[in-house]
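Reader: I have a model in front of me and want the reasoning behind its labels. Take me through it.

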Amino acid sequence: MSTGKIAVVAVGGNALIRSPKEVTLDAQYQAVKETARHVVDLIEAGWRVVLTHGNGPQVGFILRRSEIASANVPTVPLEYAVGDTQGAIGFMFQNALSNELERRRIGNTRVVALVTQTLIAPDDAAFSSPDKPIGAHMDQDVAERLAREQGWTIAEDSGRGWRRVVASPKPIEIIETPVIQSLLANDTLVIACGGGGIPVVRQEDGTLTAAQAVIDKDRASALLAIELKADMLLIPTGVEQVAIHFGTPQQRWLDELTVDEAKALLNSGQFGAGSMSPKVEAMMTYLNGQPNGVGLITSPEAMGRAVTGSGGTRFVR
């Protein structure tokens, strides 16, 4: 039975696509292999890891392929597309992590990708105001044409282009948390909550029904970290530290933030709505639910140093 500290590591779906020219599954796998090296550093340092991942671009690709082929094969509903990405991205990480563990001769840790469901409320306000980006970035004229043709809701995404947006309700419960706890106790690195989990609604008789929505990966990861009583929530991103006045002459990198400081900066608009803001919000949620935990936002390559206090932005209660 393993008793090491638990870390939930939340990798973004965009992190698997290093450039607009590297969107093939093989190219994404190469990015996964790089991330796997840094995750195994944590295993080697004694952490028990649950890895979560986003799927925004990937689920968008599945839906677009489905729409193009709709005259010949049945289309893929959104919840099944999320399940597809849990399998495909889960396989990438399961394979890459297992290979990296084998390469380092860390033979006591197994890896498994778990299809995960996330409970939501059927009357969540998000259904009336879709705002979660999925799919690839597009020029405005392309996005507007597809919106007309496909009935999409679209929005500009943090200066990076236009994307389709769908409802993103608040996660209430990770259905498979007890299974994840059991796997962790038996030296298993678990890949879970892919794409935030497949959203489901609980019916009066206790059964679960899938919903047409996607869950924010960072929100789901924070909830999972609380349910697991994880010692750390770590969100790898494109920069080593969180900054205020980002991209201006007044830019300043931050070593540590309390929940109250993070809230004040968030309310003042210091963090990008489609980029850093959800990550900071996830840290606040996690620490409010797990006051003795530690949150970290940093780049994948700085994860090892950040965990020991030599990098990243640390969030504390």
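Author: What follows is about how two domains meet in a predicted model.

Reader: What makes up domain 1 and domain 2?

Author: Domain 1 covers 16-130 + 167-226, and domain 2 covers 253-316. These bounds come from an automatic or database domain assignment. Their centres, taken over C-alpha atoms, are 22 Å apart.

Reader: How many residues does each domain give to the contact?

Author: Domain 1 gives nine residues and domain 2 gives eleven. They count as in contact because heavy atoms lie within 4.5 Å.

Reader: How much area do domain 1 and domain 2 bury between them?

Author: About 930 Å², with 75% of it on carbon and sulfur atoms. That figure is summed over both parts. In domain 1, the residues losing the most area to domain 2 are His38, Asp218 and Ile226, together 49% of what that side buries.

Reader: Which elements give two or more residues to the side of domain 1 that touches domain 2?

Author: They are α1 (25-44) and α6 (217-227). The largest share, four residues, comes from α6.

Reader: What is that side of domain 1 made of, by class?

Author: Six nonpolar, one polar and two charged residues.

Reader: How many salt bridges are there between domain 1 and domain 2?

Author: Zero. A salt bridge needs a side-chain nitrogen of Lys or Arg within 4 Å of a carboxyl oxygen of Asp or Glu, so no pair between domain 1 and domain 2 counts as one.

Reader: And how many residue pairs are in polar contact between them?

Author: Zero again, with both residues required to be at pLDDT 80 or more.

Key. Residues numbered from 1 in each chain as written. Predicted model: local features only at pLDDT ≥ 70, side-chain atom pairs only at ≥ 80, totals over all residues. Heavy atoms only, no water. Buried area = accessible area lost by both parts, 1.4 Å probe. Polar contact = N/O pair within 3.5 Å; in protein donor to acceptor, adjacent residues only side chain to side chain. Nonpolar A, V, L, I, M, F, W, Y, C, P; charged D, E, K, R; others polar.
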